[in-house]
Amino acid sequence: MARVFNWQIGRIMSYWYGETRPAKQFAAVFDLNKCIACQTCTLACKTTWTSGRGQEYMLWNNVESKPYGSYPLAYDSKILEMLGPQEWVGERYEGRTVFEAAPAGERLLGYRPESGDYSYPNIGEDEIFGTVDGGMSVEMPHPVWMFYLPRICNHCTYPACLAACPRGSIYKRPEDGIVLIDQKRCRGYRECVRACPYKKTFFNSRTGVSEKCIACFPLGEQDEQPRCFTQCIGKIRLRGWISVPEKANENNPIDYLVHVKKVALPLFPQLGLEPNVYYIPPIHVPNPFLNQLFGPLSEQAVQTYRNAHKNEPKLAALINLFGCTPKTVAAFKTKGNIVSALNDNGDTLVAVPVREPVAVRPAFDTQRGVPRMNVT
Ligand code: SF4
Ligand code: SF4
């Protein structure tokens with residue numbers, strides 16, 4: 001086992017291969033405060049990539065309700081339970097990763113879901129946590145909560161699927177860090193399905209090989225964002241590139257959200273894969289739950305996000321850029337009330353107002369002599 005540095009857990013850890021970072025690393029930020037579970041992303045992906053035979057059950061993009069939803073069934077609680085205690089000391093993870101917890105003779109800790117585990121992709125949808133007393137209709141503050149968690153492959157820096165493949169069929173593209181399965185080399189041993197703790201590789205029983213999210217790389221090669229990003233109704237997604245923390249660039253939107261403001265956090269960093277999809281946590285969810293999902297910086301991230309409009313004009317401006325361009329956003333800049341997204345060459349892709357102008361009409365229409373309401 002090689003020793004590699006995983007900045008998300010603040011320490012060196014064991015991995016099957018040495019540290020080799022791509023020239024640029026695909027990354028994304030999802031703002032969970034805006035997702036409405038419309039599943040447009042799921043359908044955009046389904047109709048683009050997985051509408052064939054043998055792919056019926058596959059959801060490369062899925063959206064699950066937390067705390068009760070999961071696809072496949074209980075994938076998260078199962079691996080967390082197998083992993084055992086997950087202690088953080090400050091920003092350093094002191095527990096074991098899935099690589100360090102590998103049983104004797106195996107490359108990592110994992111399990112293969114049963115086929116029935118894929119039968120209920122929307123289980124737990126909209127189910128709230130906690131109870132409301134009989135007869136109660138409204139109570140403030142609200143005693144119950146839930147939120148939506150959209151998930152794709154994380155195109156991890158230390159992919160478990162890649163480490164586990166006995167055929168060497170899985171690789172990380174050196175130009176953008178996207179993780180792919182070579183369909184000609186794969187023999188369908190399903191070690192990747194067992195290994196990925198996020199359960200984002202899928203076995204196709206028709207073709208006999210495994211498949212996974214490809215981050216719409218043909219679009220990425222034209223500087224376009226993936227389908228599930230551009231179709232997102234809630235405008236919760238932003239695609240870009242991430243640097244290692246010591247090379248963070250304030251003008252790069254992903255670096256700014258992840259490294260500078262630390263408002264976007266990885267999903268289950270304690271597993272040790274250094275996933276590259278980052279989440280702005282929901283602001284209404286109890287901290288212990290967020291800590292388990294996103295690590296020890298959750299509370300700080302929620303506070304920073306909550307106060308963005310008061311204290312963080314640059315952050316508030318950047319949040320407005322989500323979903324405003326189909327192109328990959330390499331940089332951003334603000335000037336006055338305008339925030340602009342830039343491509344790799346520094347060309348402006350789109351410019352939007354930070355604050356939309358608000359017009360309040362008089363409550364009485366003197367021309368027609370009638371009162372009117374200021375609703376749209
Ligand atoms: S999320 Fe899973 S399938 Fe995707 S790169 Fe990481 S380990 Fe592989
Ligand atoms: S399309 Fe966007 S808002 Fe709708 S479920 Fe997907 S991530 Fe959420």
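How do the residues of the shell around ligand 1 divide into nonpolar, polar and charged? They divide into 9 nonpolar, 3 polar and 1 charged. That is a good place to start a walk through this structure, which is a predicted model.

## The two ligand shells

Ligand 1 is surrounded by 13 residues, and the closest of them are C153, N154, C156, C161 and C196. Turning to ligand 2, we find 14 residues around it, with C35, C38, Q39, C41 and C232 coming nearest. By class, this shell holds 10 nonpolar, 3 polar and 1 charged residues.

One of the residues nearest to ligand 2, C41, also belongs to helix α1 (residues 40-49), where it is buried along with T42, A44, C45 and K46. These buried residues of α1 pack against three elements: β4 (62-66), α6 (227-230) and β12 (237-242).

## The chain as a whole

Stepping back, the chain contains 11 helices and 19 strands. Its radius of gyration is 22 Å, close to the 21 Å that the globule rule gives for 376 residues, so the chain is as compact as a globular protein of that length. The C-alpha trace spans about 80 × 60 × 45 Å along its principal axes.

Of the 376 residues, 53% count as buried. Among contacts with a separation of 6 or more, 62% are between residues 24 or more positions apart.

## Two nonpolar cores

In soluble globular proteins, nonpolar side chains tend to be buried together. Here the largest nonpolar core has 80 residues, and F99, L149, L271 and F294 are the ones that touch the most other members. Helix α3 (residues 160-164) supplies the largest share of this core, 5 residues. Another core lies apart from it, made up of 29 residues, including W7, L315, A317 and V350.

What does L271 touch, if residues up to four places away in sequence are not counted? Its partners are I79, L80, L83, T97, V98, F99, P197 and Y198. One of these partners, F99, is itself among the four residues that touch the most other members of the largest core.

## Helix α9 and its surroundings

Helix α9 (residues 298-306) has S298, A301, V302, T304 and Y305 as its buried residues. Why do these residues line one face of the helix? Seen down the axis of α9, they fall within an arc of 165°, so they line one face. The general background is that an α-helix has 3.6 residues a turn, so residues three or four places apart point the same way.

The buried residues of α9 have several packing partners: the strands β3 (25-31), β13 (265-266) and β14 (277-280), and the helices α8 (287-294), α10 (308-311) and α11 (313-319).

A useful companion to T304 is Y256, since we can follow both in space: their C-alpha atoms are separated by 13 Å, while the two residues are 48 residues apart along the chain. Y256 is found in helix α7 (residues 253-260). Is Y256 buried or exposed? Its relative accessibility is 4%, so Y256 counts as buried. Leaving aside neighbours within four places in sequence, Y256 is in contact with N249, E250, K261, K262, E312, K314, L315, L318 and F332. One of these contacts, L315, is also a member of the core of 29 residues.

## Backbone details worth a look

Most residues other than glycine have a negative phi, and most peptide bonds are trans. Four places in this chain deserve a closer look against that background, and the table lists their backbone angles.

| Site | Backbone feature | Angle |
|---|---|---|
| K66 to P67 | cis peptide bond | omega near 15° |
| Y71 to P72 | cis peptide bond | omega near 0° |
| D223 | positive phi, not a glycine | about 65° |
| E274 | positive phi, not a glycine | about 50° |

Where do the two prolines sit? P67 is found in the loop between β4 and α2 (75-83), and P72 lies in the loop between β4 and α2 as well.

D223 is found in the loop between α5 (217-220) and α6, and at 31% relative accessibility D223 counts as partly exposed. E274, by contrast, is buried, with a relative accessible area of 1%. E274 is found in the loop between β13 and β14, and both of those strands pack against the buried residues of α9.

Technical notes. Residues numbered from 1 in each chain as written. Chains lettered and ligands numbered in written order. Predicted model: local features only at pLDDT ≥ 70, side-chain atom pairs only at ≥ 80, totals over all residues. Heavy atoms only, no water. Near = heavy atom within 4 Å. Nonpolar A, V, L, I, M, F, W, Y, C, P; charged D, E, K, R; others polar. Core = buried A, V, L, I, M, F, W, Y, C linked by side-chain atoms within 4.5 Å. Buried < 20%, exposed > 50% of the residue type's maximum accessible area, 1.4 Å probe, protein only. Helix = DSSP H or I, 4+ residues; strand = E, 2+ residues; numbered from the N terminus. Contact = heavy atoms within 4.5 Å. Arc of directions from axis to C-beta. Rg over C-alpha atoms; globule rule 2.2 N^0.38 Å.
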